[in-house]
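The following explanation is intended for a reader who is meeting this structure for the first time. Please keep the sequence and the three-dimensional view at hand while reading.

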Amino acid sequence: MGQLIEFKRADGLSAKAYCAEAPEPVASVVVIQEWWGINDQIRGVADRLAAAGFSALVPDLYKGKSTVAQEEAHHLMTGLDFGDAAANDVRGAVQHLKAQGLGSGKVGVTGYCMGGALSLLSMVMAPEADAAVVWYGYPPLEFIDASKIGARPLMAHWATQDKAFALSGVEALEAKLKEAQVPYEGHRYLAHHAFANETAVGPGRLAMTQYDAAWAQMAWDRTLRFLGQQLG
């Protein structure tokens, strides 16, 4: 459905992204990859959002690299400057979509695992973003100044059996959001990390991950309803 395009980062440098255009867009969404890079699975997420009416842009944070190997994914993730990615790549993607004026003109941000952490950072560093949906990921909480999120709404999906992102961190994050009076809707699922990634199945999956079709569908339903309410 989509195609590779170029856009300007917030610092004016050129970057690439996968773009999936909705036929009749309601609004648009920046999608942030897992640590694997831009692969068929994350392109499928963008395509699914586009089919639901939200034109989607996936900035290429790894500059053309992707992997199926855990060790290489960890290497790519640890080599990424998260602050630069949020402040320039993601913010630039939001600005690019804002300039398109698709549908309502509003732009949301969503991301998975590493992308979930970057979604939170981007709400701090990209004031143009109108709302965000976080999927099982958060950064070190000292980097989250919840006051900069302000009145922009936030939804999050957390897995109670997540061995990558502990619920104690979720609770500390939620306390910061509550103190800053951020409009927040958090959901917990009796599931493992990456429960919405349909490729996290079978003997080849990471041991800490497990796709759950029922919980994934519920989280997607909640996400699309939230995006429709907040961006439509």
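The paragraphs below treat strands, a helix, a charged residue, two loop residues and the cysteines in turn.

The model shown is a predicted one. A suitable starting point is strand E4, which covers residues 54-59. Strand E4 pairs with strand E3, residues 27-32, in the parallel sense, and four bridges make up this pairing. Two of the residue pairs can be named: Val 30 has Leu 57 of E4 as its bridge partner, and Ser 28 has Ser 55 of E4. Strand E4 is also joined to strand E2, residues 14-20, again by four bridges, but E2 and E4 run antiparallel. Here Ala 20 finds its bridge partner in Ala 56 of E4.

How far are these strands covered? In E3, six of six residues are buried, and the strand is described as mostly covered. The description of E4 is likewise that of a mostly covered strand, with six of its six residues buried. In a regular strand, side chains alternate between the two faces of the sheet. In E3, Ala 27, Val 29 and Val 31 point one way, while Ser 28, Val 30 and Ile 32 point the other way, and all of them are buried. In E4, one side carries Phe 54, Ala 56 and Val 58 and the other carries Ser 55, Leu 57 and Pro 59; both faces are covered, as all of these residues are buried. The bridge partners Val 30 and Leu 57 are thus buried residues of E3 and E4 respectively.

Helix H4 comprises the twelve residues 114-125. From its first C-alpha to its last, H4 reaches 16 Å, close to the 16 Å expected at 1.5 Å a residue. Eleven of the twelve residues of H4 are buried, so the helix is largely enclosed by the rest of the structure. The buried residues of H4 include Met 114, Leu 118, Leu 120, Leu 121, Met 123 and Val 124, and among them are also Gly 115, Gly 116 and Ser 119.

A charged residue deserves separate attention. Asp 47 lies in helix H1, residues 40-51. Asp 47 is buried yet has no salt bridge. Its nearest side chain of opposite charge, that of Arg 43, is 7.0 Å away, whereas a salt bridge would require the relevant atoms to be within 4 Å. Beyond its neighbours within four places in sequence, Asp 47 is in contact with Met 1, Gly 2, Tyr 18 and Ala 20. One of these contacts, Ala 20, is the residue whose bridge partner in E4 is Ala 56.

Two loop residues call for a remark on the backbone. Most residues other than glycine have a negative phi. Tyr 136, in the loop between strand E6 (131-135) and strand E7 (154-159), has a positive phi near 35°. Gln 181, in the loop between helix H5 (167-179) and strand E8 (184-189), has a positive phi near 60°. Are these two residues buried or exposed? Tyr 136 counts as buried because its relative accessibility is 0%, while Gln 181 counts as exposed because its relative accessibility is 68%.

The cysteines complete the account. How many disulfides does the model contain? The count comes to zero. Cys 19 is buried, with a relative accessible area of 11%, and Cys 113 is buried with a relative accessible area of 11%.

Terms used: Residues numbered from 1 in each chain as written. Predicted model: local features only at pLDDT ≥ 70, side-chain atom pairs only at ≥ 80, totals over all residues. Heavy atoms only, no water. Disulfide = S-S within 2.5 Å. Buried < 20%, exposed > 50% of the residue type's maximum accessible area, 1.4 Å probe, protein only. Lys, Arg positive; Asp, Glu negative; His and termini not counted. Contact = heavy atoms within 4.5 Å. Expected span 1.5 Å × (residues − 1). Pairing = 2+ DSSP bridges.
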